[in-house]
Amino acid sequence: MTFRRRTLLGFSILPAMPRPAQAQAQAQAQAQAEYPPVLFLHGNGDHAALWQTTLWRFESNGFARDRLLAANFPDPLARDDDAVPQPNRSGSAEQTGRLAAFAGDLRQRTGAARIALVGNSRGGNPIRDFTLHQGGAGQVSHAVLCGTPNRGVQDWPERAGNEFSGRGPSSAASTAGRATWWPARPS
């Protein structure tokens with residue numbers, strides 16, 4: 001029987017390579033030890049399925065599925081005026097209260113003292129409010145705001161009460177803590 005160099009080379013490398021299942025188990029143990037659980041919050045009019053691909057990527061990099069939560073806000077659309085109730089729409093205070101409940105549930109389920117928060121668009125508003133104004137900063141290890149309208153996206157006097165208004169109470173509250181989040185606006 002004759003052996004080719006490629007065959008011999010392949011046999012010599014195989015024992016040194018880690019098995020995929022073994023490598024994945026090691027990565028998962030390392031991720032659980034090093035990283036906090038992660039809570040993902042969707043934006044205006046979206047839902048938790050927005051994060052599906054991101055969850056798969058985290059899992060493939062060693063995060064345990066039970067340490068990841070994509071929350072689904074009921075009534076995800078913002079009100080025309082944040083202070084005036086509207087059917088099938090929610091106010092910013094409601095979203096912050098729901099975030100606090102989701103965070104408490106994830107912390108209790110995982111036993112973690114602090115969690116990481118990731119918010120897309122409007123999902124960043126309750127993160128900002130929870131950490132800066134509602135006393136939740138001690139429960140949060142990291143906060144990532146993706147495309148969050150921190151200063152609003154419009155500045156119309158007739159929509160000043162809207163959560164996305166630069167003149168509204170939500171934006172005014174966020175700019176009160178701007179030294180910790182972003183530089184001041186030029187005059």
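The exercises below, each with a worked solution, concern a predicted model of a protein chain.

**Exercise 1. The overall fold**

Determine how many helices and strands the chain contains, in what order the elements run, and what share of the residues is buried.

*Solution.*
Step 1. The secondary structure consists of 7 helices and 4 strands.
Step 2. Read from the N terminus, the order of the elements is α-α-β-α-β-α-β-α-β-α-α.
Step 3. The chain has 187 residues, and 35% of them count as buried.
Step 4. The accessible surface amounts to about 11100 Å², with 54% belonging to carbon and sulfur atoms.
Step 5. For contacts between residues at least 6 apart in sequence, 65% join residues at least 24 apart.

**Exercise 2. The environment of helix H5**

Establish which residues of helix H5 are buried, and state what the count implies for the helix.

*Solution.*
Step 1. Helix H5 spans residues 124–132 and has 9 residues.
Step 2. The cut-off for a buried residue is under 20% relative accessible area.
Step 3. In H5, the buried residues are Gly 124, Asn 125, Pro 126, Ile 127, Arg 128, Asp 129, Phe 130 and Thr 131.
Step 4. Because 8 of the 9 residues are buried, H5 is largely enclosed by the rest of the structure.

**Exercise 3. A buried serine in a loop**

Locate Ser 90, decide whether Ser 90 is buried or exposed, and identify the partner of its side chain.

*Solution.*
Step 1. Ser 90 belongs to the loop between strand S2 (68–71) and helix H4 (92–110).
Step 2. The relative accessible area of Ser 90 is 0%, so this residue is buried.
Step 3. The side chain of Ser 90 reaches the backbone oxygen of Asp 75 at 2.7 Å.
Step 4. Beyond its neighbours within four places in sequence, Ser 90 has contacts that include Pro 74, Asp 75, Leu 77, Gln 95 and Arg 122.

**Exercise 4. His 42 and the cavity**

Describe the setting of His 42, and find which residues line the largest cavity.

*Solution.*
Step 1. His 42 is placed in the loop between strand S1 (38–41) and H3.
Step 2. With a relative accessible area of 1%, His 42 is buried.
Step 3. The side chain of His 42 reaches the backbone nitrogen of Phe 73 at 3.0 Å.
Step 4. Outside its neighbours within four places in sequence, the residues in contact with His 42 include His 47, Trp 51, Phe 73, Pro 76, Asn 120, Arg 122 and Gly 123.
Step 5. The whole structure holds 1 cavity of 30 Å³ or more, and the volume of the largest cavity is about 30 Å³.
Step 6. The lining of the largest cavity comprises His 42, Gly 43, Asn 44, Phe 73, Pro 76, Gln 95, Arg 122 and Gly 123.
Step 7. Sorted by class, this lining has 2 nonpolar, 5 polar and 1 charged residues.

**Exercise 5. Two partly exposed residues**

Classify the accessibility of Ser 141 and of Thr 54, and give a C-alpha separation for each.

*Solution.*
Step 1. Ser 141 lies in strand S4 (residues 140–146), while Thr 54 lies in helix H3 (residues 52–60).
Step 2. At 25% relative accessibility, Ser 141 is partly exposed.
Step 3. Thr 54, with a relative accessible area of 23%, is also partly exposed.
Step 4. Ser 141 and Tyr 35 are 106 residues apart in sequence, and their C-alpha atoms are 9.4 Å apart.
Step 5. Thr 54 and Phe 40 are 14 residues apart along the chain, with their C-alpha atoms separated by 9.4 Å.
Step 6. The side chain of Ser 141 makes a polar contact with the side chain of His 142 at 2.8 Å.
Step 7. Not counting residues up to four places away in sequence, Ser 141 touches Pro 36, Arg 114, Ile 115 and Ala 116.

Conventions
Residues numbered from 1 in each chain as written. Predicted model: local features only at pLDDT ≥ 70, side-chain atom pairs only at ≥ 80, totals over all residues. Heavy atoms only, no water. Buried < 20%, exposed > 50% of the residue type's maximum accessible area, 1.4 Å probe, protein only. Helix = DSSP H or I, 4+ residues; strand = E, 2+ residues; numbered from the N terminus. Polar contact = N/O pair within 3.5 Å; in protein donor to acceptor, adjacent residues only side chain to side chain. Contact = heavy atoms within 4.5 Å. Areas by Shrake-Rupley, 256 points an atom, 1.4 Å probe, with all protein chains shown as cover. 1 Å grid on protein atoms, 1.4 Å probe; cavity = no way out; pocket = protein on both sides within 12 Å on 5 of 7 lines; lining within 4 Å. Points joined across faces, edges and corners; volume = space filled by probe spheres on them. Nonpolar A, V, L, I, M, F, W, Y, C, P; charged D, E, K, R; others polar.
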